[in-house]
Structure formats: C-alpha cells, structure tokens
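Visitor: Please take me through one part of this model in close detail. I would like to look at a sheet and how its strands are arranged.

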Amino acid sequence: MSQIVDDAGAEAEHDAGAEAGHEPADAADQRRLGARLHALRDDRRWSLTELAEESGVSRAMINRVERGVSSPTATILGRLSGAFGLTISQLLDGSHETHAHAETEPADPDDATGVQRAATADHWTDPDTGYRRRPLSSAEFPVDVTEVRLPAGRAVTYPASAYAFLRHCIWVVDGALELVVGGVPTTLGAGDRIELGDPAKVTYRNDGETECRYVVVVARGARGRE
C-alpha cells in the first residue's frame, strides 16, 4: 500500500488565518481547485476512500482540498494528478477553465489572438516551499509548457505515479538545479536540459543561494501524466 501523506500544517495555517479574520489571498484559486478535484472524483464515481487509496493522500486532506480550506503541497498535487491520469498542468488549468466558462463577462480581446499577458497569467505556489508554477501553454495546447521557480534552499519531490507521461523535458533557465531521479542525482546549470525516462520518484532541489528558474515540457499521450 502507498504511504498516506497529509499536510496538517496547511490546515493549521488556514485555521489561524480564519481566527484572525483574514482570508488567504489565493482563496479563490483554492476553491476552484477543490471544485475541480470534487468533479473529477464524481466523474469516476470514487468515494474519498477510493481516491485516498489511488493517490496515497489521506481522506482528511482530500476533503480539506475539496472544501477549499487547504492548498495542497506540490507532493500532494503530484499524487492527486497521478491518480486521475492527468498532468499537474491539466489538473490546475482545468480549475481555471471551469471558472472561465462560468463567467458572463465579455472575453478579453487578447483571447482572439491567443496572447497571454504576463501580468494576468495564472500561477500556483506550493504553500510549503514557495515553489511556483506558471503555465506557458493553454489547456488546449497539445504540449504542457510550464515555468517553475524554485526558491534557494528548497526541494520538491514527486512520486513515480506522477510521471507516467509520454515524454518529459526540463530546461534550466537561471540558477542551478539538482535532480534526483530514482535515487540518482544529476546537477543542471543554466542552459542545460534533460529528458526523463521511465517513471521514477523525482526530487527537484535548489542548494544554491539564489532562485532557480526552469521550464518543464511534457508531451501528453496515451500515458499522459506529469
């Protein structure tokens, strides 16, 4: 059985904010992601227990995410996306797509030309490490292209279940990135790239003193996960 993971710290942080009368700035994003997760679970007719068994995430944590009161860490997000056979980008972008279709306001003029302005781009930040993902491609584009910023001294780990993709390429833009793939470490500098092979547990680590920025490209296919 997979190790069950939880994030009690996120719940405590939210509760403390609620007691102080402050709603997290990303509360709307948390609610959208929660609704997206609940809809995916409903589509598969899965109970909380079944999703917990598929993902290795505790029922309590899944419930908190679905209710929009907790933001999942990167590791938990990877486990949940893997359970649904989706890339992380598909899971996150889907929540924004659902929200966009629900809006009744006129579409932005840039929509007609396919332009995405940097100031309005969606992003997701890991509440545990400050790791930040920004999609560079839309949910409809056949390849996931994502910019990632990993703060100095931080590390993020994804389970092997989050890597059942067709092809996966990582290109470092700034800083240095240490990848530990299936227990084997590799250090990448600015301009370096790597294409990952068979699914394996992967840790992204920034041991430097400055932020590391890299781009992740995932070609979705029959095995389409990230």
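Guide: Some context on the surface comes before the sheet. This is a predicted model. The protein chain has an accessible surface of about 11,800 Å², and carbon and sulfur atoms hold 49% of that area. Of the 226 residues in the chain, 43% are buried. The chain's secondary structure consists of six helices and 10 strands. Contacts with a separation of 6 or more are also worth a look: residues 24 or more positions apart make up 70% of them.

Now the sheet itself. Four strands form an open sheet in the order β4-β9-β6-β7. Their pairing is antiparallel. In general, strands of a sheet pair through backbone hydrogen bonds, either parallel or antiparallel. The edges here are β4 (155-158) and β7 (184-188). Each edge strand has a single partner strand, so one of its sides is left without a neighbour in the sheet. Direction ignored, neighbouring strands of this sheet are turned by 15 degrees against each other on average.

Zoom in on one pair. Strand β6 spans residues 177-181 and runs antiparallel to β7. Five bridges join the two. Among the residues involved, Glu178 has Thr187 in β7 as its bridge partner.

Outside the sheet, helix α4 offers another local view. The helix covers residues 59-66. Its buried residues are Met61, Ile62, Arg64, Val65 and Glu66. Gly68 follows α4. The phi of Gly68 is positive, near 75 degrees.

Definitions and conventions:
Residues numbered from 1 in each chain as written. Predicted model: local features only at pLDDT ≥ 70, side-chain atom pairs only at ≥ 80, totals over all residues. Heavy atoms only, no water. Buried < 20%, exposed > 50% of the residue type's maximum accessible area, 1.4 Å probe, protein only. Contact = heavy atoms within 4.5 Å. Areas by Shrake-Rupley, 256 points an atom, 1.4 Å probe, with all protein chains shown as cover. Pairing = 2+ DSSP bridges. Axes fitted to C-alpha atoms, helices over the stretch in contact; angles between N-to-C directions.
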